[in-house]
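The following note sets out points for a colleague who is examining the coordinates. It proceeds from one helix to the chains as wholes and to the contact between them.

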Amino acid sequence: MPKKVSKNPKDRAFEALSAFFAAMVLTLGLLLLLVLLYESLPALRKFGAGFIVSQAWNPVEKEFGALSFIYGTVITSFLAILLAVPLSVGAAIFINDFAPQWLKKPVSLLAELLAAIPSVIYGLWGIFVLVPMLRSAFMKPMAKYFGWWIPLFKGPVYGPSVLAASVLLSIMIVPFILSVSREVLATVPVRQKEAVLAIGGTRWEMIRIVVGQHCIPGIFGATVLGLGRALGETMAVTMVIGNRPDIFYSLFHQGYSMAAVIANEFAEAADLQLSSLILIGLLLFILTFLVNLAAKWILSNLVKNTSLRN
Amino acid sequence: MNTLSFRRKAIDTGMRWAFCLCAFLVILPLFMIFFDLVSKGAKELQWSLLTNLPRPVGEEGGGIANGILGSFVITLLTMIWSVPIAVMCGIYLAEYGKGRLASAVRFTVDSLAGVPSIIMGIFGYTLVVLPMKRFSAWAGAAALTMIFVPIVARTTEDMLRTVSQPVREAALALGIERWKTTLYIVLRTAQAGILTGILLAMARILGETAPLLFTILGNQFWQTRLDQPTAAMPLQVFSYAISPYKEWHDKAWAAALVLITLVLFINIGARRLTREKR
């Protein structure tokens, strides 16, 4: 568009109007930040930086700390990433490079539909299908045969657990990692792929050589983006993690997450507990903000480097 | 042509199947979830579910009618003001968006889109519930606004950017004023994409639970005013699911089936819209 400022008063009025709405969105964002900062102030003043390293959560004694929640959030998100990344990158490679033409559309559409399912439905399915399945098919045998010498698989097995939350989370973040991975894979120059095939390479060698070289940073970006999603996921995690503020070592132990404690206790909290919950919200906000910023930075750098935007 | 060594061929075939397995495992949960939703939800799916109020445990025929109404009310309420805000914000970013304000707004929109939805619940609680001293549909709509606006502002900007420059220039060359060009030509050209974005965002907020927990709170009865605690389908799914009663679990599955049908209906309809246009 011409950059010159229009002299037509109606044009200027319309521009001002749209700028007003844009400024409104900016205000809403700032307002959110202010609300979180202001409302968490009492807890911040009382506990200071010790809030992050304290494991206390005692509404009666009015002692609050976020460590067990931060721990639960970070561990479940990390495990979810560990499960989701290989699967989604593999599926992305399958859709882009191996699947027959007629299969590409349906598979990617189905994967996108996974992203459309509300989180509370994942939670419902988690409680009544995934948890019982994991308990009888995986957790019980593992605890029985490996639990006594590997702390990771130590019982007792309840069902709702860190493992269940991580598996459910991984299912939920797969579509996001998948779609970004596919975009990243699409940036590989077709000629380089053809070159490998032309000198007699197999399809897998093509993937390993060309895709491997081009896409590692992009896939890392997709991973970080998925991490951002996993950190803030609330309902599904709340419903299957067991909601017990502990520092755990076993995957079968019950845990808690930052989002889950807010979801469970907020409506009935008051005073210092409310403020502590909002402080946890602020920490979660900062955490996801930084992670998303990192993902954006990695991915935008990549697009610039390949100079192949779409 | 030289024959491929057996080893290379075997690795290639193996990897091919491994990738295929990945794709299968990725979409397997979708089928499992749908299967369970239909098989567990269908038996409770009767008219009474859609027309009756929730009833205590032990009484037959309880429904989720107030939740369906509540979900529609807060979704519509949110959209009444969110659509204009988001679309105008998108217009600003795409058509005028240069300079410091624009980059600040763009950064805000991108950041808000990544904020966990439960935090938007805190927003609605402190800005609406606390001053009004009551849980209300207003508070829920305030929280959902924070989810809706960034999504739609972003898609509007993206869609307007796909309108090619010559279209604008042609309109301006005909002597059409710029604001008219933007509203009647550029926006009209991109309308299918923008509408898709709006519907996708609508499907998203229809299924949101976390931001509603402590803004609308839920209600066992009909809500008649906007400043009352309000029921919503996702909240009912949640509270039925975590209850200790078998019959309420069945209700949760049925309510979830209704919810997912609505959400997917809107979601797939929205995708259709852009596909036909292209």
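1. Helix α6 of chain B, residues 137-162, has the length its residue count implies. At 1.5 Å a residue, its 26 residues should span 38 Å, and the end C-alpha atoms are 37 Å apart, which agrees. The helix is nevertheless not straight throughout: α6(B) bends by about 30° at B:Thr145. Because 23 of the 26 residues of α6(B) are buried, this helix is largely enclosed by the rest of the structure. It should be kept in mind that the model is predicted.

2. Chain B as a whole contains eleven helices and zero strands, and its order along the sequence is accordingly α-α-α-α-α-α-α-α-α-α-α. The globule rule gives 19 Å for 278 residues, whereas the radius of gyration of chain B is 24 Å, well over that value, so the chain is more spread out than a compact globule. Taken along the principal axes, the C-alpha atoms of chain B fill a box of roughly 70 × 70 × 30 Å. Of the 278 residues, 50% count as buried. Where contacts in chain B link residues at least 6 apart in sequence, 71% of them join residues at least 24 apart.

3. Chain A has eleven helices and two strands. Its pattern along the sequence is α-α-β-β-α-α-α-α-α-α-α-α-α, which places the strands after the second helix. The C-alpha trace of chain A spans about 70 × 70 × 30 Å along its principal axes, and 50% of its 310 residues are buried. Among contacts in chain A with a separation of 6 or more, 75% are between residues 24 or more positions apart.

4. Confidence in chain A deserves a comment. The average pLDDT is 91, and 95% of the residues score at least 70. Over residues 305-310, however, the pLDDT is below 50, and this stretch has three contacts in the model beyond near neighbours in sequence.

5. Helix α1 of chain A, residues 9-47, has 39 residues; from first C-alpha to last it reaches 55 Å, close to the 57 Å expected at 1.5 Å a residue. Where does α1(A) bend? The bend, of about 50°, is at A:Leu41, and a proline, A:Pro42, follows within four residues. After α1(A) comes A:Gly48, whose phi is positive, near 60°.

6. A:Val237 lies in helix α9 of chain A, residues 235-240. Is this residue buried or exposed? A residue counts as buried when 20 or more other C-beta atoms lie within 10 Å of its own; A:Val237 has 34 within that distance and is therefore buried. Beyond its neighbours within four places in sequence, its contacts are A:Thr76, A:Ala165, A:Leu169, A:Ser257, A:Ala259 and A:Ala260. In addition, the C-alpha atoms of A:Val237 and A:Gly123 are separated by 7.0 Å, although the two residues are 114 residues apart along the chain.

7. The contact between the chains takes 71 residues from chain A and 72 residues from chain B. On the side of chain B that touches chain A, the largest share, 18 residues, comes from helix α1 of chain B, residues 6-41. That side divides into 54 nonpolar, nine polar and nine charged residues.

How values were computed. Residues are numbered from 1 along each chain as its sequence is written. Chains are lettered from A and ligands numbered from 1 in the order in which they are written. This is a predicted model: local features need pLDDT of at least 70, side-chain atom pairs count only at pLDDT 80 or more; totals for chains, interfaces and linings use all residues. The expected span of a helix is 1.5 Å times one less than its number of residues. The bend at a residue is the angle between axes fitted to the seven residues ending there and the seven starting there. A residue is buried if 20 or more other C-beta atoms lie within 10 Å of its own, exposed if 12 or fewer, and partly exposed in between; C-beta atoms are placed from the backbone. Two residues are in contact if their C-beta atoms, placed from the backbone, lie within 7 Å. Ala, Val, Leu, Ile, Met, Phe, Trp, Tyr, Cys and Pro count as nonpolar, Asp, Glu, Lys and Arg as charged, and the others, Gly among them, as polar. pLDDT is the predictor's confidence in each residue, from 0 to 100. The radius of gyration is taken over C-alpha atoms; the globule rule is 2.2 Å times the number of residues to the power 0.38.
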